[in-house]
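User: Can you walk me through this one? I'd like to start in the middle of the sheet.

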Amino acid sequence: MLVYPDLHTFRRIYGQFTRTHLDDNGVVILFPYHETTDSVRQVLSQLGIDVRKCEQNHSLVIVDSVKLYFHSDIDIKSLPKMMAEGSKRMGKKGVSIIGDMGSFFLYEKQNQMMEYEMKLRLDEKENDDANSVKIKGICSYHKDTFNTLTKKEQQALFGHHHAKLVVYN
């Protein structure tokens, strides 16, 4: 889980994250909320990532989080496993996902977001299988939207995630 202070900082984090995982023969999936998919592509391009090539060979997927979570026929809960299966066929090492949860706040669906977060546990036994493709997921929150959650909700999210990173500026 990641709580970030501003878009500039978030861009630096997802940019470096994306570059590192693509360079390590992984698949990266980004679900932005506070910026367009085109601006994400531009940020990644400025870091020297051949975005068009990576999207064409399915090692990079960028989908607007509002469309994905609320206006799509894609079953978001099965997406990581589907991507992992495709990645394994392509000979990739793993699937890494950064999903911005801001769209749930836009639609005032924080309760649905909490349910989604709590159900999103990856099957650890499957993910530890030596023959499986590893899946990493990072749920990201802008600090201002995260701070609208009650302390109890914040603690539940912190308790649910294996790793937590809160970035201050």
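Analyst: Sure. This is a predicted model. Take strand E4 (94-100). Gly94, Ser96, Ile98 and Asp100 point one way from E4, while Val95, Ile97 and Gly99 point the other way. All of these are buried.

User: Why do they split like that?
Analyst: In a regular strand, side chains alternate between the two faces of the sheet.

User: How many of E4's residues are buried in total?
Analyst: Seven of seven, so the strand is mostly covered.

User: Which strands pair with E4, and in what sense?
Analyst: E2 pairs with E4 in the parallel sense, over five bridges. E5 also pairs with E4 in the parallel sense, over seven bridges.

User: Give me some landmarks. Which residue is the bridge partner of Phe31 in E4?
Analyst: Gly99. On the E5 pairing, Val95 stands opposite Ile135.

User: Switching to helices. Which residues of H5 are buried?
Analyst: H5 covers residues 79-89, and its buried residues are Leu79, Pro80, Met83, Ala84, Gly86 and Ser87. Seen down the helix axis, they fall within an arc of 165 degrees, so they line one face of H5.

User: What covers the buried residues of H5?
Analyst: The cover includes E2, strand E3 (60-62), helix H4 (65-70), E4 and strand E5 (134-142).

User: Anything odd just after H5? What phi does Gly91 take?
Analyst: Gly91 takes a positive phi of about 80 degrees.

User: And H10, which residues are buried there?
Analyst: Glu153, Gln154, Leu157, Phe158 and His160. They cover an arc of only 165 degrees around the axis, which puts them on the same side of H10.

User: What's on the face turned away from that buried side?
Analyst: That face of H10 carries the exposed residues Lys151, Lys152, Gln155 and Gly159.

User: Now the core. How many residues does the largest nonpolar one have?
Analyst: It has 27 residues. Met113 and Tyr141 have the most contacts inside it. E2, H4, H5, E4, helix H6 (102-106), helix H7 (110-119), E5 and helix H10 (151-160) each supply at least two of its residues.

User: Which residues does Met113 touch?
Analyst: Leaving out residues up to four places away in sequence, Met113 touches Met101, Phe104, Phe105, Tyr141, Leu149 and Leu157.

User: What lies apart from that core?
Analyst: Another core, of 18 residues. Among them are Phe17, Val51, Ile62 and Ile98.

User: New topic: Glu35. Where does it lie?
Analyst: Glu35 lies in the loop between strand E2 (27-31) and helix H2 (37-46).

User: Buried or exposed?
Analyst: Glu35 is buried, because its relative accessible area is 8% and the cut-off for buried is under 20%.

User: Which side chains make polar contacts with Glu35?
Analyst: Arg11 and Tyr14. The side-chain contact with Arg11 is 2.9 Å, and the one with Tyr14 is 2.7 Å.

User: What else does Glu35 touch?
Analyst: Its contacts also include Leu7, Val40 and Val43, not counting residues up to four places away in sequence.

User: Last one. Where is His58 found?
Analyst: His58 is in the loop between helix H3 (51-56) and E3. His58 touches Val27 and Met90, again not counting residues up to four places away in sequence.

User: How many Å separate the C-alpha atoms of His58 and Glu35?
Analyst: They are separated by 21 Å, and the two residues are 23 apart along the chain.

Notes. Residues numbered from 1 in each chain as written. Predicted model: local features only at pLDDT ≥ 70, side-chain atom pairs only at ≥ 80, totals over all residues. Heavy atoms only, no water. Helix = DSSP H or I, 4+ residues; strand = E, 2+ residues; numbered from the N terminus. Buried < 20%, exposed > 50% of the residue type's maximum accessible area, 1.4 Å probe, protein only. Polar contact = N/O pair within 3.5 Å; in protein donor to acceptor, adjacent residues only side chain to side chain. Contact = heavy atoms within 4.5 Å. Arc of directions from axis to C-beta. Core = buried A, V, L, I, M, F, W, Y, C linked by side-chain atoms within 4.5 Å. Pairing = 2+ DSSP bridges.
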